[in-house]
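Reader: I should like a close look at one aspect of this model, namely its local backbone geometry and the arrangement of its secondary-structure elements. Please state each criterion where it is first applied.

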Amino acid sequence: MACLQPPHPGHPEYLMAHHTIGRRAGAVDTHIADAEISGIHAAIQWTGTHWNLRDLSRNGTWLNDQQLVPAKNYPLKPADTIRFGRGDNPAWRVAGLDAPRNLLIDLQTGRALPLEQYHLLPEQQEPLASLHQNPVTGQWLYELVADADSTQVVSHGQDIRCGGHGWRLFMGDSQGATAELSLHRLSVADFSLRFSVSHHEEHVQLQLHREDIKLSLPARTHTYLLLYLARARMRDLRRGADPDALGWVSIQLATRELGINVNHLNTQIFRARKQIAESLPDAIDTSNLVERRSWEIRLGCAGFEIFKGTTLEFDSAGAAMRE
């Protein structure tokens, strides 16, 4: 991680792609409350290959005991020391010079995790919430497992608390959102699903198809939930239900038939979305993999096939053609 270690005991200061240091609170990325520090005293910037330090102050900036020429760029190296103001002021140390990253920073320890497109919090095995990016809007969304209506937009510098833990969202890579938005902006609903089910249904394999993309996902417990919802759509298609009514299942019925509780159901939905989001080659919006309305859910993908062994059990495209 690219960061500076402050002269006093404390957490590292992680670096934005363009990072400013100064006395003007709210206008700089690292605030130093000292009268001899200028409002915007210095800047550290990622060039694409390395980090540069630039003095913007009246009272000076020092790199390894050398006073900098104002507005001139100086490349940084690991373990460099930086002083702001007088040359005998306490030194900040360059503790990392990796490329800027989007991070999730633990509020208690200061430890930073690279921000993935999809996080389960506070931990993967027993998640209470998810933090994920909508690749269409570029927004980061925080959503409680137990409350589908809890989704809120979170932004750089905002604290997130979950299960007694706390993190700060740090968007160090200012180009990250733009890069994501330049992709195809596909939704998982644009893909066709293929379920391959063993005869005794103890094993379910899922493939995603779209044009030249064909992706086989490792079998997971949550895949059976998607199969269950696909079969609900299958039954409604066979009886000619209205498209808006296809596949809706009450959560009470689903939990009873699957033998799980509501929290386990929601956790499986989150894990299915995370697996697909991390497996596809581009940033795909997986939020509508499972659609919700008041105490009902359904599979958000209208195109799917179900194979039982080698026998085709159902093909939604064929059913639509027959209609």
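Author: Helices (H or I, at least four residues) and strands (E, at least two) are DSSP runs, numbered from the N terminus. The model is predicted, so that local features need pLDDT of at least 70 and side-chain atom pairs pLDDT 80 or more, while totals for chains, interfaces and linings use all residues. Residues are numbered from 1 along each chain as its sequence is written, and side-chain values use heavy atoms, with hydrogens and water left out.

I begin with the loops. The loop between strand 9 (73-75) and strand 10 (81-84) contains Ala79, a residue other than glycine whose phi is nevertheless positive, near 75°. With a relative accessible area of 49%, Ala79 is partly exposed (buried means under 20%, exposed over 50%, partly exposed in between; 1.4 Å probe, protein chains only). A positive phi, near 70°, also occurs at Asp65, again not a glycine. Asp65 belongs to the loop that links strand 7 (61-63) with strand 8 (66-67), and its relative accessibility of 56% makes it exposed.

Ser38 is a loop residue too, placed between strand 4 (30-31) and strand 5 (42-46), but it is buried, at 4% relative accessible area. Its side chain reaches the backbone nitrogen of Arg58 at 3.2 Å, a polar contact (N or O atoms within 3.5 Å, one able to donate a hydrogen and the other to accept it; residues adjacent in sequence count only if both atoms are side-chain atoms). Leaving aside residues up to four places away in sequence, Ser38 is in contact (heavy atoms within 4.5 Å) with Gly22, Arg23, Ser57, Arg58 and Asn59.

The sheets come next. Strands 13, 12, 19 and 18, in that order, make up an open sheet of four strands with antiparallel pairing (two strands pair if DSSP finds at least two bridges between them). Strand 13 (112-114) and strand 18 (159-162) are at its edges; each has a single partner strand, so one side of each lacks a neighbour in the sheet. On average, neighbouring strands of this sheet are turned by 30° against each other, direction ignored (axes are lines fitted to C-alpha atoms, for helices over the stretch in contact, and angles run from 0 to 180 degrees between N-to-C directions). Within the sheet, strand 12 (residues 102-106) and strand 19 (residues 165-171) are joined in the antiparallel sense by five bridges, and Leu103 has Phe170 of strand 19 as its bridge partner.

Another open sheet of four strands follows the order 14-15-16-17, and its pairing is antiparallel. Strand 14 and strand 17 (152-154) are the edge strands, each pairing on one side only. Here the average turn between neighbouring strands is 25°, direction ignored. Strand 14 and strand 15 run antiparallel and share four bridges, with Leu121 opposite Ala129 of strand 15. Leu121 is also joined to Pro122 by a cis peptide bond, with omega about 0°. Pro122 itself is in the loop between strand 14 (118-121) and strand 15 (129-133).

Helix 4 (residues 262-279) lies across strand 14, strand 15 and strand 16 (140-144), and runs at about 150° to strand 14. Its N-terminal end is capped by Asn261, a side-chain oxygen of which lies 3.2 Å from the backbone nitrogen of Asn263. The 18 residues of helix 4 should span 26 Å at 1.5 Å a residue, and its end C-alpha atoms are indeed 26 Å apart (the expected span is 1.5 Å times one less than the number of residues). The buried residues of helix 4 include Leu265, Ile269, Phe270, Arg273, Lys274 and Ile276.

Helix 3 (residues 251-258) has Ile251, Ala254 and Thr255 buried. These cover an arc of only 95° around the axis, which puts them on the same side of helix 3 (the arc is that of the directions from the helix axis to the C-beta atoms). The face turned away from that buried side carries the exposed residues Gln252 and Arg256. The buried residues of helix 3 pack against helix 2 (222-238), strand 23 (249-250), helix 4, strand 24 (290-293) and strand 25 (296-299). Just after helix 3, Gly259 adopts a positive phi of about 70°.

Finally, strand 21 and strand 22 form a hairpin with two residues between them, and Glu211 in the turn has a positive phi of about 50°. Strand 21 (residues 204-210) and strand 22 (residues 213-217) run antiparallel and are joined by five bridges; His209 has Lys214 of strand 22 as its bridge partner.
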